[in-house]
Amino acid sequence: MTNPASNFAVNLYAYTFKWTAADAMRHLAGKGFAGFELMMYPGHLWPSEVDTAARRDIVKVAEDTKTRIVSFNMPNLDLNIAGGSEEVRTYSLDLIEGFLNLAGDVGAPKIVLGPGKANPLFPLPDEVLRGHFFRALDRLLPVAKENGVKVLIENMPFGWLPDARSLLSTVEEYGDDDVGIIYDVTNAYFISEDPCDGLRHLQHRLDLVHFSDTGRKAYRHDPVGAGDMDFAIYPPVLEEIGYSELPVLEVVSREAQIDTEILESAATLSELGFKAKAA
């Protein structure tokens with residue numbers, strides 16, 4: 001019988017506080033997961049803390065376990081590439097350049113990037129936010145391409161492009177075909193967007209999809225079944241749009257239950273028809 005975990009890549013969010021990225025990869029490969037989305041976090045995986053030997057170790061873990069690194073992600077709440085102050089934008093971009101160089105060193109093909117955040121009480125005009133976002137891409141894309149890393153922009157409830165339509169139209173306005181999109185169905189559900197419509201709308205630019213559970217009263221990335229999302233609706237849509245990458249479980253679980261809840265989420269989704277198609 002196929003291990004349900006083999007149908008998924010797993011985001012290491014829940015392992016950032018007490019595990020190094022390499023140790024978490026070894027551990028989760030032993031549970032059967034096929035790939036990983038590595039999180040940038042101090043003490044877990046942070047460019048200034050990871051020397052050449054540690055970078056080689058991450059590559060070796062993937063080789064030894066016959067798994068792969070699907071993508072990099074970052075603490076987007078700490079960063080703001082569309083912030084009102086130049087100092088915040090510059091600091092964020094400096095860090096992200098380091099993430100891109102690290103991604104290149106360990107062979108991560110993609111990196112998840114938030115479009116930046118607006119003040120919810122008194123937001124900058126859209127044209128200003130768009131200008132900051134585009135200038136950020138102007139700086140980051142050459143570094144990404146030099147490292148062989150594709151930049152994926154994510155829909156985030158706290159971002160200034162929270163829905164599929166505004167996200168796609170802005171990315172297309174920027175005009176670089178090398179900029180992709182990652183769609184988080186949980187983020188979409190939380191803002192009352194129909195995630196199936198979002199997937200269809202983004203299908204020609206879609207590189208990666210995140211899955212976890214939530215309700216609509218509080219923003220969560222819970223284990224499958226802990227919220228009120230219906231996951232049976234997604235496999236037919238993923239098939240319809242030709243999605244072929246591993247689905248990514250981005251479950252934020254508590255320390256004592258990390259493995260159990262992530263593995264149970266993988267099992268539940270597999271029973272609903274989620275299957276790996278990536279080689």
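This report covers the empty spaces, aromatic contacts and salt bridges of one predicted model.

## Enclosed cavity

Start with the closed space. The count comes to one cavity of 30 Å³ or more. The largest cavity has a volume of about 80 Å³. Its lining is made of 14 residues. Closest to the centre of this cavity are N76, L79, G114, G116 and K117.

The lining of the largest cavity splits by class into eight nonpolar residues, five polar and one charged. K117 belongs to that lining. Lys counts as charged, so K117 is the one charged residue there.

## Largest pocket

Next comes the open space. The largest pocket has a volume of about 710 Å³. It is lined by 28 residues. Nearest the pocket centre lie Y13, M39, L77, E250 and V252.

The pocket lining holds 13 nonpolar, six polar and nine charged residues. E250 is among the lining residues, and Glu counts as charged.

## Aromatic pairs

The structure holds twelve aromatic pairs. One of them joins F17 and Y41. The ring centres of F17 and Y41 are 5.7 Å apart, with 50° between the planes. That geometry is tilted. The pair links distant parts of the chain, with the two positions 24 residues apart in numbering. F17 sits in the loop between β1 (9-11) and α1 (21-30). Y41 sits in the loop between β2 (35-39) and α2 (52-65). Are these two rings buried or exposed? F17 has 68% relative accessibility. The cut-off for exposed is over 50%, so F17 counts as exposed. Y41 has a relative accessible area of 29% and is therefore partly exposed.

A second pair joins F211 and Y234. This one is edge-to-face. The centres of F211 and Y234 are 5.8 Å apart, and the planes meet at 65°. Edge-to-face requires an angle over 60 degrees. Here too the pair links distant parts of the chain. F211 is in strand β7 (residues 206-211), and Y234 is in helix α8 (residues 234-241). They are 23 residues apart. Both F211 and Y234 are buried.

## Aromatic cluster and a charge over a ring

F211 and Y234 also belong to one aromatic cluster. The other members are F8, F231 and F274.

A ring can also face a charge. R216 lies over the face of Y189. The distance from the ring centre is 3.8 Å.

## Salt bridges within a helix

Side chains of opposite charge can pair when their charged atoms come close. In this model the count is 15 salt bridges.

Two examples stay inside one helix. The side chains of D64 and K60 form a salt bridge at 2.5 Å, N to O. Both residues lie in helix α2. They are four residues apart, about one turn of the helix. D64 has 48% relative accessibility, so it counts as partly exposed. K60 has 45% and also counts as partly exposed.

D197 and R200 form another salt bridge, at 3.9 Å, N to O. Why are D197 and R200 separated by about one helical turn? Because they are three residues apart in helix α7 (residues 195-202). D197 is partly exposed, with a relative accessible area of 39%. R200 is partly exposed at 33%.

## Salt bridges across the chain

Which helices does the bridge between R139 and D94 link? The side chains of R139 and D94 meet at 2.4 Å, N to O. R139 is in helix α4 (residues 126-146), and D94 is in helix α3 (residues 86-106). The two residues are 45 residues apart, and the pair links distant parts of the chain. R139 is partly exposed, at 29% relative accessibility. D94 is partly exposed, with a relative accessible area of 42%.

Some bridges join up. D23, R26 and D57 are linked in a network of salt bridges.

## A buried helix residue

T186 is found in helix α6 (residues 185-190). Its relative accessible area is 0%. Buried means under 20%, so T186 is buried.

T186 and A24 are 162 residues apart along the chain. Their C-alpha atoms are separated by 24 Å.

Technical notes:
Residues numbered from 1 in each chain as written. Predicted model: local features only at pLDDT ≥ 70, side-chain atom pairs only at ≥ 80, totals over all residues. Heavy atoms only, no water. 1 Å grid on protein atoms, 1.4 Å probe; cavity = no way out; pocket = protein on both sides within 12 Å on 5 of 7 lines; lining within 4 Å. Points joined across faces, edges and corners; volume = space filled by probe spheres on them. Phe/Tyr/Trp six-rings, centres within 6.5 Å; stacked < 30°, edge-to-face > 60°. Buried < 20%, exposed > 50% of the residue type's maximum accessible area, 1.4 Å probe, protein only. Lys NZ or Arg CZ within 6 Å of the ring centre and 35° of its normal. Salt bridge = Lys/Arg side-chain N within 4 Å of Asp/Glu carboxyl O.
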